[in-house]
Amino acid sequence: MGEEQKEQGSSSDPIRSEEAWKESLSPEAFRVLRQNGTERPFSSQFHQVGESGIFNCQGCGTELFKSEAQFDSGCGWPSFDRAAQPDNIVERLDRTHGMTRIEVRCKSCDGHLGHLFPDGPTDTGQRYCINGVCLQLNNDES
Ligand SMILES: [Zn+2]
């Protein structure tokens, strides 16, 4: 399969093989994004509100969250009260670990991002608790 790959480097490939993900992601990002892992709390450079910009998916570059939506939750992970583009993420029921939670995934690459909790302190009432290793900050003014 795939003998005639004329369009090399096409960025619209919907799904990569796990091997390709392993090569393109850091070991920690691979573990979280592709294996539903969780980074250690307070380990991310983004766990507190810092620089402003847009947080894109580490796996595929899709726009996920904006810094305006970020707040300090104290939980040790980057927290947002809304998605930048609701269509870019998928929310689904997660019943693992004996809990019922809402899992948040990137719609484009199906990477695991974190969880959504209904206890946010802002007017949306939502808390997207996201692994910072899944995010890359783009703060270029364009
Ligand atoms: Zn993605």
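1. Which residues of α2 are buried? In this predicted model, they are A29, F30, V32 and L33. An α-helix has 3.6 residues a turn, so residues three or four places apart point the same way.

2. The partners of this helix can be stated directly. The buried residues of α2 pack against α1 (18–24) and β7. After α2 comes N36, a residue with a positive phi, near 55°.

3. The largest nonpolar core has 25 residues. Within this core, A29, L64, Y128, I130 and C134 touch the most other members. At least two core residues come from each of α2 (27–35), β1 (54–57), β2 (63–66), β6 (101–106), β7 (112–117) and β8 (127–130). The contribution of α2, 4 residues, is the most given to this core.

4. C134 deserves separate mention. When neighbours within four places in sequence are set aside, C134 is in contact with A29, V32 and L33, residues that are also among the buried ones of α2. The other contacts of C134 on this basis are C57, Q58, G111 and L113.

5. Turning to the strands, an open sheet is formed by 6 of them, in the order β3-β4-β8-β7-β6-β5, with antiparallel pairing. At the edges of this sheet are β3 (70–71) and β5 (89–94), each of which pairs on one side only. Strands of a sheet pair through backbone hydrogen bonds, either parallel or antiparallel.

6. One pairing may be examined in detail. The antiparallel strands β6 and β7 are joined by 4 bridges, and I102 stands opposite L116 in β7. Both β6 and β7 also supply at least two residues each to the largest nonpolar core.

Methods:
Residues numbered from 1 in each chain as written. Predicted model: local features only at pLDDT ≥ 70, side-chain atom pairs only at ≥ 80, totals over all residues. Core = buried A, V, L, I, M, F, W, Y, C linked by C-beta atoms within 7 Å. Buried ≥ 20, exposed ≤ 12 C-beta atoms within 10 Å, placed from the backbone. Contact = placed C-beta atoms within 7 Å. Pairing = 2+ DSSP bridges.
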